[in-house]
Every structure is written in C-alpha cells, then in structure tokens.
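Reader: I have a protein model open and would like to learn how to read it. Can we go through it step by step?

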Amino acid sequence: MSIKVLVFDFDGTIVDSNELKDKAYFELFPLADKKTKEIIREISKGSRKTRYQIIKEILLALKFENIEKETENHVQKYGEVVEKDIVDSGGVPNAFEGLWFFHNNKYILYLLSGTPLEPLSQVVEKLVAKGKIPAFKKIYGRVDNSDERLFKEQVITEIIKTEGVSTKEIALIGDGPSERDVALKTGCIFIGISNESNNWKTNNDFPVITDFKELQSLINPPLFLIKNMKKEKQLRKEILNKVREFYQARKQKEKFIPGESYINYSGRVYDEKEMINLVDASLDFWLTADRYAKQFENDFAKFLGIKYCLLTNSGSSANLLAISALTSPELGKKRLKPGDEIITVACGFPTTLNPIIQNNLIPVFIDIELGTYNIQVEKIEKAISKKTKAIFVAHTLGNPINLDKILKIVKKYNLWLIEDNCDALGSKYKGQYTGSFGHISTCSFFPAHHITMGEGGAVLTDDLKLKKIIASFRDWGRDCWCEPGHDNTCKKRFSRKSGKLPFGYDHKYIYSHIGYNLKITDMQAAIGIAQLEKLPLFIKKRKENFKEIYKFLKLYENYFVLPQAEKDSQPCWFGFPILVKPEAPFSRNEIVNYLEDNKIATRMLFGGNLIKQPAYENTKYRIFGSLKNTDLIMNNLFWLGVYSGITKEKLNYLTKVFNKFFKEKL
Ligand SMILES: Cc1ncc(COP(=O)(O)O)c(C=O)c1O
C-alpha cells in the first residue's frame with residue numbers, strides 16, 4: 001500500500017538539532033532558492049526567537065504585502081497562546097511550524113500545528129495564490145489550549161474521512177513521543193526524525209531519519225522543485241488543453257459506415273482523459289513506474305478486493321511471474337520444483353501454458369466442457385498424482401470456472417490455485433470478483449482486454465510473502481525493494497550478509513531469485529488510471545452486448561452451441577463464443593469467411609488445442625482422458641466481440657449480415 005498523505009509535525013527538531021537545522025530548512029522549505037536560503041540562514045542564525053518573529057522576518061524579507069498587519073493580528077489574537085506553546089515545547093521556539101510544505105501532484109500536505117494559525121493560514125493562502133508555494137490542503141491549528149495528543153488524533157481521523165484513505169496510507173512524520181503515540185493509537189505509519197533530545201537513532205521500532213533526503217527514499221515523493229513550478233505548471237496546462245482539443249478533432253472523424261467500417265472484436269475505448277494522463281505522465285519524464293503506477297496498483301487492488309497488486313508489462317509476464325514466484329526457495333516445501341505437475345487445459349492462450357513449461361514443470365491437460373469452455377471439474381481429482389502441486393487455468397473468455405468445486409479440491413490436496421483472469425475482469429462468482437479467489441491471479445491490459453494500457457498486466461495476491469517474491473522476480477530477481485531512483489529504504493544497505501557474498505555487500509545488488517525485468521512505465525499506468533474509471537461502464541456494456549447477441553442468435557440455435565455461463569456466476573464476457581454444430585450445413589470456416597468479408601471481425605479460441613501447435617511438438621506433458629472437446633472447439637468454434645465499442649448500429653448491422661448468411665446458405 002502506498003502512502004498518500006504526509007503529516008508533518010517536527011517543529012522542535014529544527015532548532016534543537018544543529019545537524020538537522022540547515023537540512024530541514026533548505027530541503028523542505030519550498031522557497032529555497034539561493035537568495036531565500038541566505039535570508040533564512042541569516043534570520044535564523046543561532047536563533048532563540050519566537051515563531052512569530054521568525055515568520056514575520058522571513059515574510060518581510062521576501063516582500064509579501066500586508067505581512068506586518070497579518071502578523072500583528074496574529075500576535076494580538078493569539079499572542080499569549082503562542083508564548084504558552086513555546087513553554088509547552090520545552091522552551092524552544094518551534095519556529096516555522098505551520099510553514100512546511102511537502103506537496104506534489106500525488107501527496108497531499110496537511111500542516112499540523114499546536115498553535116492557532118488562522119492569520120498565518122491566510123498569509124500562506126496568499127503565497128499559494130501568487131504561485132510562490134505549491135497548493136496545500138489544509139492547516140490545522142489548535143484553537144485552544146486543549147490536549148495535544150487528542151487534537152492530533154482528531155486531525156488524523158478527519159484526514160481519513162475527508163481523503164477516503166486508510167490509516168496505512170498516512171505517514172506521520174514527527175520528532176516527539178506525542179506524535180509517536182498518536183501514530184500508534186490511530187494505526188498510521190510513523191517516521192521518526194532523530195534529534196538531540198529524543199535520541200532515536202538507535203530505536204528500531206519505527207524508521208528513523210536523520211536527513212530529510214532519507215524521507216524521500218522511504219516514501220518516494222520526488223522533491224518538489226518550486227523554482228520552475230509556475231512556468232512548468234502553466235505550460236503543462238496549455239499542453240494538456242491542446243491534447244483535449246486534439247482528441248475532439250480526432251473524434252469528429254469517427255463514423256460508422258455499414259459494410260465499409262470494420263467492426264472489430266475488441267479495441268481501445270478512450271477519450272481525452274487517457275490521452276491527457278499519458279501526456280501528463282510523459283511530461284513528468286520519470287519514465288519508469290511512479291505516481292500513476294502506485295495509484296493504479298492501489299485502486300485496482302481495492303476494486304477487486306485484493307490486498308496487493310503488482311503491475312507488469314503484459315498479461316503474459318503476469319502469468320510468468322505467478323508461476324515463477326511459486327518456485328521460490330522462500331516457500332520451503334510448498335515451492336514448485338522441476339517435474340512437478342500443474343493441472344491446466346490445452347484450450348486457450350499459449351502464455352497461460354508457457355510459464356509451466358518455462359519453469360520445467362509438467363502440464364497435465366484436462367478436457368473442457370462445451371458451452372462453458374472451462375475445465376471439466378469432475379475430472380480434476382482423478383487426474384491428481386503425487387506430483388500435482390497446482391491448478392492454473394483461465395476463466396475462458398470471461399466465464400468463471402466452477403470455483404466452489406475447485407477451491408474444495410485445492411484445499412483437500414493442498415494445491416496452489418492461480419487464476420488467469422486476463423479475459424475475465426469484472427466477472428463475478430457468487431457475487432465476488434474473479435481474480436480474488438486464487439493464491440495468485442493475473443490480468444492483462446492489452447487493447448483487446450476489458451481495460452487497456454496499450455501493453456500491461458498485473459499480478460494480484462493477498463499474501464505478503466508472495467507479493468515480495470513476485471516483486472523480486474519482476475525486478476531482476478533482486479532482494480532490495482527500493483523504488484526506482486531510491487536507495488537504502490531498508491536502512492541496512494551496507495550491513496547484510498547474504499549467500500557467500502562478503503558482509504556489507506550493497507543490498508541494491510543482492511539477488512535472491514533468478515529474475516527478469518518485467519516492469520511497467522508510468523505512461524502505461526497513467527492510461528490505466530483513466531480506464532479504471534470507465535471500467536464499471538465497460539462491464540455494463542459488455543454484458544448488455546452479450547445479451548443482445550444471445551437474444552438474436554437464439555434463433556439459430558439449431559446450428560450453434562450457444563455460450564453458457566457457469567452456475568452461480570455473473571460473467572463479464574471477453575467475447576461471444578459460437579460453436580458451429582458438427583451437423584450444421586455449413587462449416588466454421590465458411591461462416592467466419594462470410595463475416596470477415598462483410599467487415600465483421602472474428603476470432604478463434606486462441607490456440608485451439610495448444611498441443612497441436614508446432615511450438616509444443618517436443619514438450620513434456622500428460623493428458624488425462626481425451627481432449628475430444630478441445631479438438632472440437634479447435635475445428636468448430638469462433639467468437640465475436642462484445643466490447644463497448646460495439647454500438648447499437650453495429651449490432652444492427654451484425655444481425656443483418658447473419659440473417660443474410662442464413663438466407664443465402666439454407
Ligand atoms: C487468457 C489469457 N491469458 C494471458 C494473455 C496474455 O496477455 P498479454 O497479451 O497482455 O500478454 C491473454 C491474451 O489475450 C489471454 O487471453
């Protein structure tokens with residue numbers, strides 16, 4: 001889970017600790033260009049001044065209007081409380097509290113102050129309006145001299161409520177026992193700032209930083225560069241407005257002409273939001289995974305009701321990661337070893353099968369049912385041998401497998417269950433999203449799928465250990481879990497002993513798995529964020545289109561086996577499978593050619609019977625029973641699209657073409 005809200009409360013630190021003083025001022029103070037640094041340094045030199053004095057001097061030095069009046073008001077109104085507060089904090093003037101900002105597009109800043117800050121907040125708002133400092137969310141000031149801990153708890157509770165975040169998404173950064181207690185009590189993450197009075201350097205209960213740069217590596221917000229912000233912000237706005245215009249211009253050209261326009265089986269459905277996000281991410285120019293990727297992982301996991309989501313560059317990579325992760329020595333006896341058997345089907349997409357073979361495991365093929373096109377569940381138990389360790393199947397074309405029965409078998413024989421959910425996003429089994437039943441599940445964001453990032457995929461799990469292993473395989477096999485561009489998140493970068501490496505070998509270059517690099521870029525994730533918003537609508541449209549086609553093809557049921565949803569399931573179909581009955585007076589190829597000639601896209605059920613493909617000629621596998629139905633779908637099945645790009649007029653045209661085919665053929 002990523003941190004979304006930072007709450008700062010470290011006033012005393014700044015004047016307590018000489019070591020930190022400069023760093024704190026200059027790394028976090030948003031106006032820290034060279035001139036400002038000099039001003040602040042000068043004013044705060046050996047300072048024992050009150051907060052009021054220092055703020056006033058700084059703001060005056062920076063030539064903000066009406067400052068004197070504002071600050072006079074501040075003193076008049078709260079003067080006594082300010083003085084009292086200074087005494088409360090050990091006699092140290094906690095200068096600058098309420099003036100610290102840490103904000104970028106992703107992180108929201110809340111300032112927490114023990115002192116009433118109403119006039120000060122007005123000053124700060126003016127600075128924001130002038131573009132001198134980044135926007136911030138809110139300043140909290142204690143209005144009376146009420147209990148400090150209670151006040152802070154109340155603030156955290158309010159943040160949770162207004163931001164819709166969980167406690168684990170809030171980091172409270174502080175230097176005193178009161179902040180630590182508040183973090184403990186509310187359950188939010190605590191990051192301590194070491195100073196001379198708390199002596200937290202040796203405390204291991206929570207991360208302690210001595211340098212604000214370390215904060216960056218702990219929570220990964222790139223430091224906000226205020227200097228060029230105004231210009232950049234303006235330019236970004238102009239560029240994104242142009243993107244909006246560009247999208248409108250493109251949209252105006254789109255028109256469906258029956259018989260001329262191709263009706264695709266699937267495709268990208270997007271508007272200006274995807275384009276804007278893509279350009280926005282590219283302007284960040286971080287390039288590799290960053291703010292959009294984190295947000296997507298978080299939001300997508302939430303959508304499916306799973307704890308962890310790890311983005312990767314394709315659904316195929318997601319499958320490879322899922323199986324590879326299960327070979328990790330960290331899983332002890334439960335790890336998959338070469339020669340272990342994995343139950344699957346031969347009818348489907350090759351990259352569900354490939355990771356099994358690539359990891360020197362043996363696929364055991366079971367036939368599928370006609371109508372549902374899913375694994376014949378009643379055969380699974382009989383197919384299990386001593387070597388069977390997992391079941392890895394896809395929800396065929398979005399139709400959920402019989403999870404009740406499969407989960408019982410998984411439990412009984414202590415097997416792993418991996419769901420290839422690439423074609424089934426939005427499908428439910430007994431009201432719960434598919435992809436949330438197995439130990440691991442995978443998704444694809446290729447343009448044909450329910451939502452797209454161009455290329456992209458995700459691995460999902462509820463298990464923290466599996467999550468760490470999957471991340472390791474995805475990120476070169478490394479042991480280290482620092483975000484790109486960050487160091488020493490674990491605080492033990494040079495103090496570990498691993499394998500036969502010398503003690504202290506850089507953790508950044510310690511590898512605990514034979515991994516890959518299957519990471520995603522932030523540009524892809526940015527598109528995904530806009531798509532995720534549309535997902536509920538996409539799901540609805542797919543279901544509606546499926547229903548329409550079903551209603552119409554019911555007329556021709558004598559010739560076709562129509563799709564059948566698995567019992568207790570609510571599929572969000574990837575496509576509409578049509579099996580031409582062997583006794584029909586036309587072949588699958590005849591109708592497919594007719595449809596394609598009339599500009600209607602068709603697809604086969606991927607690889608048909610995969611073991612008949614040239615790639616698998618020399619592969620080791622076991623077949624349980626026969627693959628009669630698998631062969632039948634290879635010869636007789638095709639499918640049509642149901643995605644939301646298929647509009648009513650396209651459906652009308654499709655019906656006409658089918659009717660024409662039957663008129664001509666029968
Ligand atoms: C069931 C299934 N699994 C995996 C994949 C692979 O996904 P990707 O194309 O993102 O690699 C696909 C692709 O369509 C698929 O249909």
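Author: Start with one term. A polar contact is a pair of N or O atoms within 3.5 Å. Keep in mind that this model is predicted.

Reader: Which ligand atom does the side chain of Asp420 approach, and at what distance?

Author: Asp420 is one of the residues that come nearest to the ligand. The atom on the protein side is a polar side-chain atom of Asp420. Its partner is a nitrogen atom of the ligand, at 2.7 Å.

Reader: How many residues are around the ligand?

Author: Gly315, Ser316, Asp420, Asp423 and Ser444 come nearest. Gly315 uses a polar backbone atom, 2.7 Å from a ligand oxygen. Ser316 uses a polar side-chain atom, 2.5 Å from an oxygen of the ligand. The residues around the ligand number 16.

Reader: Is Thr442 buried or exposed?

Author: Thr442 sits in strand β14. Buried means under 20% relative accessible area. The value for Thr442 is 0%, so Thr442 counts as buried.

Reader: Which side chain makes a polar contact with the side chain of Thr442?

Author: Leave out residues up to four places away in sequence. Thr442 then touches Ala318, Asn319, Ala322, Glu419, Asp420, Asn421, Cys422 and Ala458. The side-chain polar contact of Thr442 spans 2.7 Å, and the partner is Asn319.

Reader: Which residue caps the N-terminal end of α17?

Author: Helix α17 covers residues 464–474. At its N-terminal end, a side-chain oxygen lies 2.8 Å from the backbone nitrogen of Lys465. That oxygen belongs to Asp463.

Reader: What covers the buried residues of α17?

Author: The buried residues of α17 are Leu466, Ile469, Ile470, Ala471, Ser472, Phe473 and Arg474. Their cover includes two helices, α12 and α13. It also includes the strands β7, β11, β14 and β15.

Reader: What phi does Trp476 take?

Author: Trp476 comes just after α17. Its phi is positive, about 70 degrees.

Reader: Where is Asn360, and is it buried or exposed?

Author: Asn360 lies in the loop between α14 and β9. It is not a glycine, yet its phi is positive, about 60 degrees. Exposed means over 50% relative accessible area. Asn360 has 52%, so it counts as exposed.

Reader: What is the relative accessible area of Lys599?

Author: Lys599 is in the loop between α19 and β19. Its phi is also positive, near 70 degrees. Lys599 is partly exposed, with a relative accessible area of 32%.

Reader: How far apart in space are Phe624 and Ala383?

Author: Phe624 belongs to strand β19. Its contacts include Val364, Phe365, Ile366 and Ala383. Phe624 and Ala383 are 241 residues apart in sequence. From C-alpha to C-alpha, the distance is 6.0 Å.

Reader: Which side chain does Lys152 meet in a polar contact?

Author: Lys152 is in helix α7. It is buried, with a relative accessible area of 4%. Its C-alpha is 6.8 Å from that of Val182, 30 residues away along the chain. The polar contact of the Lys152 side chain, at 3.3 Å, is with the side chain of Glu179.

Reader: Which backbone oxygen does the side chain of Asn545 reach?

Author: Asn545 is in helix α18. It is buried, with a relative accessible area of 4%. Its contacts beyond four places in sequence are Val642, Tyr643, Ser644, Ile646 and Leu651. At 3.0 Å, the side chain reaches the backbone oxygen of Tyr643.

Reader: How much space lies in the second largest pocket?

Author: The lining of this pocket has 26 residues. Helices α10, α18 and α21 each supply at least two of them. By class, the lining has eight nonpolar, seven polar and eleven charged residues. The space in the second largest pocket is about 820 Å³.

Reader: What share of the 666 residues in the chain is buried?

Author: The chain has 21 helices and 20 strands. Take its contacts with a separation of 6 or more: residues 24 or more positions apart account for 71% of them. Buried residues make up 56%.

Key:
Residues are numbered from 1 along each chain as its sequence is written. This is a predicted model: local features need pLDDT of at least 70, side-chain atom pairs count only at pLDDT 80 or more; totals for chains, interfaces and linings use all residues. Side-chain values use heavy atoms; hydrogens and water are left out. Helices (H or I, at least four residues) and strands (E, at least two) are DSSP runs, numbered from the N terminus. Buried means under 20% relative accessible area, exposed over 50%, partly exposed in between (1.4 Å probe, protein chains only). A polar contact is a pair of N or O atoms within 3.5 Å; within protein, one must be able to donate a hydrogen and the other to accept it, and residues adjacent in sequence count only if both atoms are side-chain atoms. Contact means heavy atoms within 4.5 Å. On a 1 Å grid over the protein atoms alone, a cavity is a set of points where a 1.4 Å probe fits but cannot get out, and a pocket is an open set with protein on both sides within 12 Å along at least five of seven lines; lining residues have an atom within 4 Å of a point. Grid points are joined across faces, edges and corners, and a volume is the space filled by probe spheres set on the points. Ala, Val, Leu, Ile, Met, Phe, Trp, Tyr, Cys and Pro count as nonpolar, Asp, Glu, Lys and Arg as charged, and the others, Gly among them, as polar. A residue is near a molecule or strand if one of its heavy atoms lies within 4 Å of it.
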